[in-house]
Amino acid sequence: MITYKAGRADVAVIGAGHAGVEASLAAARLGMSVLLFTINLDAVGNMPCNPSIGGTGKGHLVYEIDALGGEMGRAADEVTLQSRTLNLGKGAAVHSKRVQADRILYRSKIKKTLENTKNLSLIQAEIVSIETGAAENGEVSVRSVTTSMGAVWEVSAAIICSGTFLDSRTITGEAICRSGPDGLLPSIGLSDCLRSLGITLMRFKTGTPPRIHADSIDFSVLEIQNGESGDECIPFSVYTDPDAYANMKQIPCHIAYTNEETHAIIRANLSRSPLYSGVIEGTGPRYCPSIEDKVVRFADKTRHQLFVEPCGADTKEIYLQGFSSSLPEEVQMQMLHSIKGFENARVMRTAYAIEYDCIDPTQLYATLRFKNIKGLYGAGQFNGSSGYEEAAAQGLIAGINATLEIKGEKPLVLSRDSSYIGTLIDDLVTKGTNEPYRMMTSRSEYRLLLRQDNADERLTPEGYRIGLIDDERYARFTKKRKTVEDEIYRLEHTFLSPEKVNPFLSENSLSNAASGISLAELIRRPQLTYASVAVLDPDRPKDISRAEILSIQTAVKYEGYIKKQLAEVARKAKLESLALPEDIDYSAVSGIRIEARQKLEKFRPLTIGQASRISGISPADISVLLIYLSAKQK
C-alpha cells in the first residue's frame, strides 16, 4: 500500500461508538487535538442492540459519567422515550434508572456534538495499523496510525474503541458474513497489527434480536408497561431541566411471552443452531443469552418474558428484547409467529450473532493504557466488556488518561470504593474476563456508598480538578451539596414531642414514641419517607429539588449502614495506598508461591490492594509482600 503523510494530532481515537465518543470528547475538551476515526459516519454513537441507556448497575455508570463531565447522560435525556427506575422494591443501593431511547435521534445528537466540538476532527476512515517506535527512556511508544487508504497520521496517543467491528462476522444459521453490526463493514487488518505488537487477542460473541414492524403486532393482547410518574422521573444529567424532563410525554412499552410451541420449534432446530453446531467460536455473554440458549439452560420453564420496545418516535421498528438468536431466518419466523400478538409479525431486520476480536484486559494498567506500549489505550468492548454504558465509562477514563499522559500529569485511577467505573476497570485489569463483562450492582462490595443519587458528590470534584467540569457547574454542585448537608442537619436536630407525633403514628398504624423524636428518626422508619412526614414539618425548605430530596432521604434512612461501609473502606485504605515498585522483581521476593509469582509478574499490580484481588494470590502471599515492602523501606 502506498502511504502519504496526512498530518499530526495529539490523540487518535479508533472507533466512534460509545467508548470512542466519550474518549474523543474528553481529550478534545481538555485541549488535545483529536482525530476520531469511524468506518461509517452514519453510525456514530450507534445502538446496534438495545435502544436503551441505563439499567441495573448500568444506570449508575451513566450518572457517574455525567458527574465526571461526560456526554452520555445529557444525550440520553434529550432522546428519552420512556423512563423507569428498576428495583424500586429493593434498597436504594440497587435502584437503577433505565430509559428507552430514540436510537436515530441519539446518533444525530452525538454526531452534532462531535462536529461542533473544538479541537476534534471526525473522519470516516478505517485504521489498519498502529506504528510504534522507541521513546527516550527506552519504552515502546505510539508514533502514528495508518488508514486503509494510506493516510499516515502522526500522533502521541491512540485509543482503540473498536467495539464489535474487529475482524467481525455475523452469523444467522448457515448464513455467515464478514460484517460489523447493522450490516456495516468490519475492521480487517488491525487485529494482525495488534498481534505483531505483542498484544493477546480473544474471541467473543454477542447477538441481537429481530426488529419487527409495529403495525404487524397485536398490542391489545400484550401487557402494557408505562414509564414512571413525573415525581419519580429524575434525569441522568445535571444539565437537563428536571421539570421539563418530568413532564415529558412518555411512550409505553409492552411485555410478551414465549410459550411451549416456541420452545418446541427451537428444540427441533438446535442442530441448525450455530451455538450448538460449533460454528460460533467466540464466548457469549452469560447475562444476556440467546433465546435458544435460555430454552436449553432452563428446560423446566414453560415461557420466557420478552420486552417489546420502540426504537424511536419516528420509526415503526420494534425491538424484541430477550429474543436474541442466531438460528436460521426461516426458523426465527416460525418462532416469532408462535408468540401471542406476533402471529402476523413482519420482520424488518433479522436477528444475528456477531463474533469479534477483543483483548485480554489484564494487559492494561488501571489507567487503561497498555503496559507494554506507551500512549496506547483500549476502551469498551475491545477490552472484553459488553454494553454501551460500560464502553462509555471506559472511553471517558481512557480519553482523560491519554491527555494526562501527554501533559506529563498524574493519571486518574478511580478506586472501587469511589465508583462503579473504578470497580469495572479494576475487575477487568486485575481479574480479566472469559466472557463479555457486564456491570451489575452485585459486582461492588461498596454498593450502598455508590448510589445513583450521590454520583456527583463522589466524582464531580475529580471532574472539576481535571478540567471537564466548569466553574458554573461546580458552583451548582457545591450549592446542592450544602443544601443536602443543611437539610440533613435540620432533620437530625428538629425534635417533636410525643403529643404532636403520636396521633400521626397511630393513623399510620405505627408504634408510638415514648419521648421526643427527631424528624430524621421518623424518616428512618421503613414505612415513612421524607414526603410522608411533611405534615409534621411545616418549616421545611420549599425549594428543595427531587434529586436533593432523594439524596437527603437515602442518607438519613441508611445512615448506620453507610457508616459501617465507610469504616470498611477506611480499613482497606491502607492496602490500597501501599504502592508496589514498578520495577519490582518478584523472583527476588523469597516466600511467594510459584503460582503467585507468575500471576504478579503477569499482572504487575500497582498496589497491595490490587494484588490482593488477583485470582490465585493468597493472604499468605500478601503478607510476604508486606514484609518485603517494610524491609525495603527500612
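Helices (H or I, at least four residues) and strands (E, at least two) are DSSP runs, numbered from the N terminus. Axes here are lines fitted to C-alpha atoms, for helices over the stretch in contact, and angles run from 0 to 180 degrees between N-to-C directions. What you have open is a predicted model, in which local features need pLDDT of at least 70 and side-chain atom pairs count only at pLDDT 80 or more, while totals for chains, interfaces and linings use all residues. Residues are numbered from 1 along each chain as its sequence is written, and side-chain values use heavy atoms, with hydrogens and water left out.

**Stop 1: a helix pair**

Select residues 58–68 (helix 2) and 455–466 (helix 13). Their axes come within 7 Å and cross at roughly 35 degrees. The crossing is right-handed (the near helix is turned clockwise from the far one by less than a right angle). Now show side chains. On the helix 2 side, Tyr63, Glu64, Ala67 and Leu68 do the meeting; across from them in helix 13 sit Ala455, Asp456, Arg458, Leu459, Thr460, Glu462 and Gly463. Contact means heavy atoms within 4.5 Å.

**Stop 2: just past helix 2**

Go to Glu71, in the loop between helix 2 and helix 3 (72–78). Buried or exposed? At 5% relative accessibility, Glu71 is buried (buried is under 20% relative accessible area, exposed over 50%, partly exposed in between, with a 1.4 Å probe and protein chains only). Leaving out residues up to four places away in sequence, Glu71 touches Glu22, Leu25, Arg29, Ile65, Ile110 and Thr113.

**Stop 3: back to helix 13 by way of Leu412**

Pick Leu412, in the loop between helix 11 and helix 12 (420–431). Leu412 is buried, at 2% relative accessibility. Beyond residues up to four places away in sequence, it touches Ile397, Ile400, Asn401, Leu404, Glu462, Arg465 and Ile466. For a long ruler, draw a distance to Pro274: the two C-alpha atoms are 42 Å apart, with these positions 138 residues apart along the chain.

**Stop 4: the cores**

A nonpolar core is a set of buried Ala, Val, Leu, Ile, Met, Phe, Trp, Tyr and Cys residues joined through side-chain atoms within 4.5 Å. The largest one has 108 residues, and Ile53, Ile130, Val145 and Ile159 have the most contacts inside it. Which helix gives the most to this core? Color helix 11 (residues 388–407), which supplies ten residues. Then center on Ile130: not counting residues up to four places away in sequence, its contacts are Ile14, Val142, Ser144, Val145, Ile160, Leu190, Cys193, Leu194, Leu197 and Leu376. A second, separate core holds 21 residues, including Leu222, Ala256, Ile318 and Leu336.

**Stop 5: Glu223 and the cysteines**

Select Glu223, in strand 16 (residues 223–225). Glu223 is partly exposed, at 37% relative accessible area. Its contacts, neighbours within four places in sequence aside, are Cys253, His254, Ile255 and Tyr257. With Tyr257 there is a side-chain polar contact of 3.0 Å (a pair of N or O atoms within 3.5 Å; within protein, one must be able to donate a hydrogen and the other to accept it, and residues adjacent in sequence count only if both atoms are side-chain atoms). Val308 is 85 residues from Glu223 in sequence, yet 9.5 Å away C-alpha to C-alpha.

How many disulfides does a search of the whole structure find? Zero, where a disulfide is a pair of cysteine sulfur atoms within 2.5 Å. Why does Cys253 have no bond to Cys311? Cys311 has the closest cysteine sulfur to that of Cys253, but it is 10 Å away, too far for a bond. For Cys311 itself, the closest cysteine sulfur is in Cys49, also at 10 Å and too far for a bond. Cys253 is buried at 2%, and Cys311 is buried at 1%.

**Stop 6: Arg540**

Jump to Arg540, in the loop between helix 16 (519–524) and helix 17 (546–557). Arg540 is buried, at 10% relative accessibility. A polar atom of its side chain lies 2.9 Å from the backbone oxygen of Tyr530, and a 3.0 Å polar contact joins the side chains of Arg540 and Asp537.

**Last stop: two positive phi values**

Asn87, in the loop between strand 5 (80–86) and strand 6 (96–101), has a positive phi of about 65 degrees although it is not a glycine. Then try Asp167, in the loop between strand 11 (157–160) and strand 12 (169–172), with phi near 50 degrees.
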